[in-house]
Amino acid sequence: MDALVSLSKRRGFIFQSSEIYGGTGSCWDYGPLGVELKQNIKRVWWRDYIQRRPDMMGLDASILMHPTVWKASGHVDNFTDPMVDCLECRRRFRADKIDETPWVHHCPATKGNKFTIPAGEPCSHCGVTRTPVEEDASLTYLRPETAQGIFVNFDNVLQSMRRKLPFGIGQIGKAFRNEITPGNFIFRTREFEQMEIEFFVNPLETVEGRPADEYWHERWIEDSMAWFRRYGLGEENLRLREHEADELAHYAKRTADIEYRFPIGWSELMGIANRTDFDLKQHAKFSGKALTYYDEERKEHVVPYVIEPSAGVDRALLAFLADAYREEEVRGEKRVVLRFHPELAPLKVAVLPLLKKREDIVRTAHAIRDELSKDWSVVYDDTAAIGRLYRRQDEVGTPYCVTVDVQTVGDQAKGEVGDGKVTIRDRNSMEQIRVPLEALGSVFRELLGGAAWASVAGRFERKGDG
Ligand code: GAP
């Protein structure tokens with residue numbers, strides 16, 4: 001974890017929030033490369049689950065919602081734990097967890113016993129974050145999950161989009177929780193982002209001989225596992241864990257977590273829950289509006305069941321970062337490399353001039369950067385020798401480098417004409433090929449579109465490894 005935190009800061013992925021003021025507990029800011037990585041994760045998720053599937057649609061609900069939403073959802077009643085704050089270290093603890101003997105408090109960090117609330121009177125502090133309010137009348141909450149924004153819009157989407165069950169609604173957005181023990185870098189924070197799907201199914205139907213909700217629950221578990229594998233998480237670092245009956249959330253019939261072997265050990269990466277008809281029924285009860293679906297075949301109104309694949313963006317990012325990180329030995333030297341899937345890599349191509357004093361080389365390199373950056377995130381760098389530049393790009397996971405050299409542009413003084421080819425270097429194998437300038441666009445379309453390096457490289461002239 002220390003290596004990831006330090007690389008993240010050094011190379012512009014993730015910074016501690018408000019660092020110049022000493023930082024804030026468990027808040028992190030995504031730097032120039034971090035935000036690209038995060039956007040790429042969200043982009044492929046949206047494309048794969050919302051755009052490519054005929055049974056899915058997107059939504060962007062507001063973070064602040066009617067306060068009754070959280071009464072109906074059960075958050076206000078079910079996630080309320082008595083909390084106390086240590087006056088010395090300012091950390092917040094669940095009152096019943098800080099000492100063997102209830103209410104004989106000793107802070108686990110300072111061993112002190114001075115808390116915001118005198119022993120015996122723990123304050124009731126709910127897991128849902130309240131926004132600053134002057135009076136209770138205007139009380140609103142920062143949402144602790146994006147899911148409720150989907151449930152309250154169920155009928156709007158059903159009617160406006162004329163859908164038939166089964167169908168799903170997905171959204172990506174911020175969520176906030178008063179976590180008791182935030183920490184472990186971006187693994188658990190008070191402000192984070194979720195990618196959530198609520199997939200509505202008809203409980204009166206069966207699919208392949210099984211109740212529709214159970215069938216679709218299995219399908220979503222398989223799909224979600226396959227998605228993480230497709231973008232690079234190692235098979236050996238992923239596993240499924242079923243929730244025991246006593247740990248199921250108040251709304252769930254069955255929940256399976258996808259766990260990842262994080263640097264802190266096996267921990268939850270995402271949850272896939274069967275929320276039954278709990279939420280729609282609750283919102284119907286509290287709002288007085290019917291949230292049902294008319295089953296034309298059976299001529300009756302039904303309350304759909306809901307399968308919920310719910311992943312954290314930040315936690316997914318930490319898993320992709322951890323899985324990509326390698327320390328290798330190359331020609332007797334340590335090489336740190338992030339082997340990101342090309343779709344996730346923050347930068348796709350780095351264009352590097354071999355000689356920064358040669359105006360024609362620099363001009364050609366800038367022109368290549370300008371052209372390629374119409375389609376991909378591309379950087380130009382001439383601030384070090386080529387070996388150092390390659391290592392820098394390895395360390396941030398850039399899949400390909402393009403080098404412009406004297407051979408490309410020729411040497412007018414000597415009357416030599418260039419061959420109009422540049423070197424492409426592959427991050428993983430460090431192999432290099434010579435490619436004509438006019439073929440660069442189509443070669444990168446293949447490589448960044450998923451073609452294997454070997455199948456593309458085989459068509460071009462090979463150069464030694466870089
Ligand atoms: N709507 C269901 C729900 O919110 P959850 O298991 O509490 O379920 C879903 O959260 C996912 O959100 C988790 O698997 C995790 O990836 C992410 N998540 C939850 N709490 C988080 C936190 N404090 N910091 C970062 N990510 C978090």
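## Polar contacts of the ligand

In this predicted model, an N or O atom in the side chain of Arg 177 lies 2.8 Å from an oxygen atom of the ligand, a pair that falls under the definition of a polar contact (N or O atoms within 3.5 Å; within protein, one must be able to donate a hydrogen and the other to accept it, and residues adjacent in sequence count only if both atoms are side-chain atoms). Two glutamates face nitrogen atoms of the ligand: a polar side-chain atom of Glu 179 is 2.7 Å from a ligand nitrogen, and for Glu 308 the distance between a side-chain N or O atom and a nitrogen atom of the ligand is 2.9 Å. The protein buries 90% of the 550 Å² that the ligand exposes when taken alone, with accessible areas computed by the Shrake-Rupley method with a 1.4 Å probe and, for residues, only the protein chains shown counting as cover.

Residues are numbered from 1 along each chain as its sequence is written. Local features need pLDDT of at least 70 and side-chain atom pairs count only at pLDDT 80 or more, while totals for chains, interfaces and linings use all residues, and side-chain values use heavy atoms, with hydrogens and water left out.

## The shell around the ligand

The ligand is surrounded by 21 residues, of which Glu 145, Glu 179, Thr 189, Glu 196 and Glu 268 are the closest; a residue is near a molecule or strand if one of its heavy atoms lies within 4 Å of it. By class, the shell consists of nine charged, seven nonpolar and five polar residues, where Ala, Val, Leu, Ile, Met, Phe, Trp, Tyr, Cys and Pro count as nonpolar, Asp, Glu, Lys and Arg as charged, and the others, Gly among them, as polar.

Which strands each supply at least two residues of this shell? They are β10 (191–201), β15 (265–276) and β18 (305–312), and β15 provides the largest share, with five residues. Helices (H or I, at least four residues) and strands (E, at least two) are DSSP runs, numbered from the N terminus.

## Unusual backbone geometry

Strand β15 also holds Thr 276, whose phi is near 50°, a positive value in a residue other than glycine. Thr 276 has a relative accessible area of 14% and is therefore buried, the classes being buried at under 20% relative accessible area, exposed at over 50% and partly exposed in between (1.4 Å probe, protein chains only). Glu 208, likewise not a glycine, has a positive phi of about 50°, but Glu 208 sits in the loop between β11 (206–207) and β12 (210–211) and counts as exposed because its relative accessibility is 67%.

Leu 165 and Pro 166 are joined by a cis peptide bond with omega of about -5°, and Pro 166 belongs to the loop between α6 (154–161) and β9 (167–176).

## Helix α1 and its cover

In helix α1 (residues 2–10), the buried residues are Leu 4, Leu 7 and Ser 8. Viewed down the helix axis, the buried residues of α1 fall within an arc of 100°, so they line one face of the helix; the arc is that of the directions from the helix axis to the C-beta atoms. An α-helix has 3.6 residues a turn, so residues three or four places apart point the same way.

The face of α1 turned away from the buried side carries the exposed residues Asp 2 and Arg 10. The cover over the buried residues includes β1 (14–16), α9 (313–324), β19 (325–330), β20 (333–338) and α11 (386–396), with contact meaning heavy atoms within 4.5 Å. Just after α1, Gly 12 adopts a positive phi of about 80°.

## Two buried positions: Gln 393 and Pro 353

Helix α11 contains Gln 393, which counts as buried because its relative accessibility is 5%. Apart from neighbours within four places in sequence, Gln 393 contacts Leu 347, Ala 350, Val 379, Thr 398 and Cys 401.

Pro 353, in strand β21 (residues 349–353), has a relative accessibility of 4% and so counts as buried. Its contacts, again leaving aside neighbours within four places in sequence, are Ile 361, Ala 365, Tyr 380, Asp 381, Asp 382 and Val 404. The C-alpha atom of Pro 353 is separated by 8.2 Å from that of Ile 386, 33 residues apart along the chain.

## The chain as a whole

The chain has 14 helices and 28 strands, and buried residues make up 49% of its 466 residues. Of the contacts with a separation of 6 or more, 65% are between residues 24 or more positions apart. The chain exposes about 22200 Å², with carbon and sulfur atoms supplying 49% of that area.
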